[in-house]
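Biologist: Please take a close look at one part of this model, and then place that part in its wider setting. I would like each term pinned to its cut-offs, so that I can repeat the analysis myself.

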Amino acid sequence: MKKEFILYSLAIGINRGATLLYLPFLTYSLSLADYGLYSYIQVLFQVLFPILCFNIPSGIAREGADSPTKGLFLYQKAIPYVIVIIAVSSFLAFFVEKIFSIEWLLVIFLLAGVEALHNMQLSIYRAFDKHIIYLTFVAVKTIGLGLIISVLINYGHMSLMAVLISQVSWYVVVFAIFRISKTIKVNAGTIERLDFKPVIIFSLLLIPHIISQWAMSAVNRIFVKNIVGNEAMGLYSISYSLAMAILLINSGIAIVLPQNFIRNPEYWLKTN
């Protein structure tokens with residue numbers, strides 16, 4: 001479990017540390033108001049993605065902890081449905097944005113959709129204890145976007161829209177690369193089937209919990225944006241990003257322990 005904790009903590013450190021990694025580039029190149037909007041959009045798509053995919057990543061993680069092949073079966077069956085939902089919702093978001101002049105709505109839906117696919121991919125890696133691949137996925141996703149942002153700055157094409165389009169595009173590329181690559185090899189005959197209905201119910205019931213976690217971060221920014229303005233939200237977001245470093249250790253524990261509880265209940269019952 002020590003190895004799992006270290007690798008998952010490192011992955012989360014890279015993922016959450018991305019905010020600190022991008023901070024100098026974004027604050028140097030974007031106005032304070034644009035950085036505030038960037039931060040605002042990042043929080044909103046994190047709140048939206050569990051709804052778009054019916055929180056299937058939680059179902060994959062739960063079933064995968066009990067039996068990795070059950071998690072794989074759920075992953076394989078759910079991916080096409082989730083992609084269709086993302087495509088339809090993004091199509092609708094495009095027209096709603098145009099008709100009602102709601103800025104950034106399409107970008108938020110696209111980011112939420114790709115984030116949903118990323119979380120499904122990461123959940124199946126956790127199910128099969130692919131710690132190194134999990135870490136590699138997060139590192140490629142995070143560091144790659146940082147390199148793209150630095151290229152945009154170097155060639156003078158830096159803008160909020162350029163950053164967001166680059167983020168969507170790179171996230172799609174990362175998902176495609178890891179989806180196509182044979183990172184998990186299982187004999188088709190050994191994959192266990194399961195009933196979708198109880199998994200969907202389990203996943204849906206967890207949506208309020210997941211949304212509430214992000215809402216605690218988002219609500220503050222919504223109030224700051226609407227009451228004080230984008231520039232104040234930019235300052236608030238910078239301060240919040242710096243404080244996020246404190247959560248790295250706790251987040252690593254939060255990923256490792258639940259799965260370990262399910263796989264080794266006897267050990268934890270004896271320990272306590």
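Modeller: A residue is called buried when its relative accessible area is under 20%, exposed when it is over 50%, and partly exposed in between, using a 1.4 Å probe and counting protein chains only as cover. The model is a predicted one, in which local features need pLDDT of at least 70 and side-chain atom pairs count only at pLDDT 80 or more, whereas totals for chains, interfaces and linings use all residues. Residues are numbered from 1 along each chain as its sequence is written, and side-chain values rest on heavy atoms, with hydrogens and water left out.

The part I have chosen is helix α7, which covers residues 160-180; helices here are DSSP runs of H or I with at least four residues, strands are runs of E with at least two, and both are numbered from the N terminus. Helix α7 holds 21 residues, and the distance from its first C-alpha to its last is 30 Å, close to the 30 Å expected at 1.5 Å a residue (the expected span being 1.5 Å times one less than the number of residues). The buried residues of α7 begin with Leu160, Ala162, Val163 and Leu164, continue through Ser166, Gln167 and Val168, and also include Tyr171, Val174, Phe175 and Phe178.

Helix α7 also takes part in a pocket, since α4, α5 and α7 each supply at least two residues to the lining of the second largest pocket. A pocket is an open set of points on a 1 Å grid over the protein atoms alone, where a 1.4 Å probe fits and protein lies on both sides within 12 Å along at least five of seven lines, and its lining residues have an atom within 4 Å of a point. The second largest pocket has a volume of about 300 Å³. Its lining comprises 17 residues, of which Leu72, Tyr75, Gln76, Arg179 and Ile184 are the closest to its centre.

The wider setting is entirely helical in its listed elements, for the chain has 11 helices and 0 strands, and 49% of its 272 residues are buried. Helix α2, residues 32-52, offers a useful reference, because its 21 residues should span 30 Å at 1.5 Å a residue and its end C-alpha atoms are indeed 30 Å apart. Of those 21 residues in α2, 17 are buried, so that the helix is mostly covered.

The loop that joins α2 to α3 (56-66) contains Phe54, and Asn55 is found in that loop between α2 and α3 as well. Phe54, just after α2, has a positive phi of about 55°, and Asn55 has a positive phi near 60° although it is a residue other than glycine. The two residues are covered to unlike degrees: Phe54 counts as partly exposed at 40% relative accessibility, while Asn55 is buried, with a relative accessible area of 2%.

Charged pairs are few enough to list, as a search of the whole structure finds 2 salt bridges, each being a side-chain nitrogen of Lys or Arg within 4 Å of a carboxyl oxygen of Asp or Glu. In one of them, Lys70 pairs with Asp66, with the closest N and O atoms 3.7 Å apart, and Asp66 is partly exposed, with a relative accessible area of 48%. In the other, the side chains of Lys141 and Glu115 meet at 3.1 Å, N to O. That pair links distant parts of the chain, with Lys141 in helix α6 (residues 131-154) and Glu115 in helix α5, 26 residues apart; both residues are buried.

Two further C-alpha pairs bring together residues that are far apart along the chain. Ile143 is found in helix α6 and counts as partly exposed at 43% relative accessibility; its C-alpha atom is separated by 9.4 Å from that of Tyr22, although the two residues are 121 residues apart along the chain. Pro208 has its place in helix α8 (residues 196-227) and is exposed, with a relative accessible area of 53%. The C-alpha atoms of Pro208 and Val47 are separated by 10.0 Å, with their positions 161 residues apart along the chain.

Key:
Points joined across faces, edges and corners; volume = space filled by probe spheres on them.
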